[in-house]
Amino acid sequence: MKVLLTGGAGYIGSITAKALEEAGHTPVILDSLVSGPRAFVRDRIFYEGDVADRALLRQIVAEHPDISATIHMAARIVVPESVEQPYMYYRDNVAKSLELFDELTALGLPRVLFSSSASLYATKEGFEVTEEDPLDPGSPYARTKRMMEQVLFDLAEATDLRAIVLRYFNPIGSDPDLESGIYVKEPSHVLGQLVLAARGQKPSFTITGTDLPSRDGTGLRDYVHVWDLARAHVRAVERFDDVLAAVDSRSTVINIGTGDGVTVRELVASFEKTFGSAVPITEAPPRPGDVVGAYANVDRAASLLDWKAELTIDDAISSALSWADRRQEILGYE
Ligand SMILES: NC(=O)c1ccc[n+]([C@@H]2O[C@H](COP(=O)([O-])OP(=O)(O)OC[C@H]3O[C@@H](n4cnc5c(N)ncnc54)[C@H](O)[C@@H]3O)[C@@H](O)[C@H]2O)c1
């Protein structure tokens, strides 16, 4: 099966491209390289351009009439930047996605898999969230994701388009062959920060928020190995029509996580075990907008996709550490 993969030069996109290939499918990558590195495209079919470029979309489909589904991952993804530059986020994540969906429908490519986020969920007692739980997107970035979910539901009602929305929890780790991984120089997420502190690239790892209402006072997340996440996309494109038939709808939402919540202190303990020595830690108050967090109820992923996470948090930590050793070779910077 041929799959149009927007954002295929990015962190999750490049690893999803590999998972598609390993399952016998062919990704066709559309990426503007606004953030993803050229090196992650490797020798795949690649169109450098914007998702809202309708002429380019027509060219892609003319050259690959056998594309049967689209995975739309291309987006701007940096939460603080979205607070500072909301116009850029609404333009790129909302307005451009709308153009893409309209053109795909016109071109007779109605199957869309959309990358959404667990950052949409409102805080819930017990921390386990199902797809039906209340949402409270806390940043312009998260609101762009929520808006596009709603756009997809409305388009699915009114047009030929059909949509599966995957709400990712917290992807960590690297490509199993260490060909891609986190590429930003100063990753802001917790495992990236731990790797920097462990390698002496920053003086210490700062736990932001030690008085939150979790079992040890620190934030809780559902860390899913990016390779497991990539495999979930393969299942979703392979079963696209069956999934929507099973829910008797033209669109649906599926959580993609492990089903386990891990606190920052627990993550640090696992990291130190895998790394083999202690990491210098400092503690600080929560940053504005920090939330205690959530973990996924994964019943729908199991029943609709026959998918569950197989890799452990230790697998993800060791792959992130190995990638940190390797990335200079692939990206040209540490
Ligand atoms: N990384 C996470 O923790 C996380 C969590 C939940 C959801 N997501 C979603 O998953 C998707 C992939 O995230 P990622 O971490 O791989 O990000 P990434 O920044 O590595 O990848 C996004 C890719 O999209 C490309 N892109 C951006 N705007 C484009 C445009 N207008 N046209 C063409 N290409 C464009 C970028 O060049 C980049 O290669 C995003 O939609 C993101 O919102 C990510």
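I take buried to mean under 20% relative accessible area, exposed over 50%, and partly exposed in between. I also keep in mind that this is a predicted model.

Entry 1, strand E1. I looked up the cover of E1, residues 2-6, and found that five of its five residues are buried, so by the cut-off each of them falls under 20% relative accessible area. I then asked which side chains point which way: Lys2, Leu4 and Thr6 point one way from E1, whereas Val3 and Leu5 point the other way, and all are buried.

Entry 2, the neighbours of E1. I followed the pairing of E1 with E2, residues 26-31, and noted that the two run in the parallel sense over five bridges; within this pairing, Leu5 has Ile29 of E2 as its bridge partner. I checked E4, residues 67-72, as well, which is parallel to E1 and joined to it by five bridges, with Thr70 of E4 as the bridge partner of Leu4. I also recorded the connection from E1 through H1 to E2, which forms a right-handed β-α-β unit.

Entry 3, the shell around the ligand. I counted 28 residues around the ligand and noted that Ile12, Asp31, Met73, Tyr141 and Lys145 come nearest. In character, the shell divides into 15 nonpolar, nine polar and four charged residues. I looked for the elements behind it and found that helix H1 (11-22), strand E5 (111-117) and helix H5 (140-158) each supply at least two residues, while the largest share, three residues, comes from E5.

Entry 4, backbone contacts of the ligand. I listed three distances here: a polar backbone atom of Met73 is 2.7 Å from an oxygen atom of the ligand, a polar backbone atom of Val51 is 3.1 Å from a nitrogen atom of the ligand, and a backbone N or O atom of Gly10 lies 3.2 Å from an oxygen atom of the ligand. I then noted how far the ligand is covered: the protein takes up 92% of the 820 Å² of accessible area that the ligand has on its own.

Entry 5, positive phi outside glycine. I noted Arg42, whose phi is near 55°, a positive value in a residue other than glycine, and placed Arg42 in the loop between E2 and strand E3 (45-48). Is Arg42 buried, partly exposed or exposed? With a relative accessible area of 41%, Arg42 is partly exposed. I noted Asp248 too, which is not a glycine but has a positive phi of about 55°, and which lies in the loop between helix H8 (240-247) and strand E12 (251-256). I found Asp248 exposed, with a relative accessible area of 69%.

Methods:
Residues are numbered from 1 along each chain as its sequence is written. This is a predicted model: local features need pLDDT of at least 70, side-chain atom pairs count only at pLDDT 80 or more; totals for chains, interfaces and linings use all residues. Side-chain values use heavy atoms; hydrogens and water are left out. A residue is near a molecule or strand if one of its heavy atoms lies within 4 Å of it. A polar contact is a pair of N or O atoms within 3.5 Å; within protein, one must be able to donate a hydrogen and the other to accept it, and residues adjacent in sequence count only if both atoms are side-chain atoms. Accessible areas come from the Shrake-Rupley method with a 1.4 Å probe; for residues, only the protein chains shown count as cover. Helices (H or I, at least four residues) and strands (E, at least two) are DSSP runs, numbered from the N terminus. Ala, Val, Leu, Ile, Met, Phe, Trp, Tyr, Cys and Pro count as nonpolar, Asp, Glu, Lys and Arg as charged, and the others, Gly among them, as polar. Buried means under 20% relative accessible area, exposed over 50%, partly exposed in between (1.4 Å probe, protein chains only). Two strands pair if DSSP finds at least two bridges between them. A crossover is right-handed if, with the strands pointing away from the viewer, the path from the first strand over the helix to the second runs clockwise.
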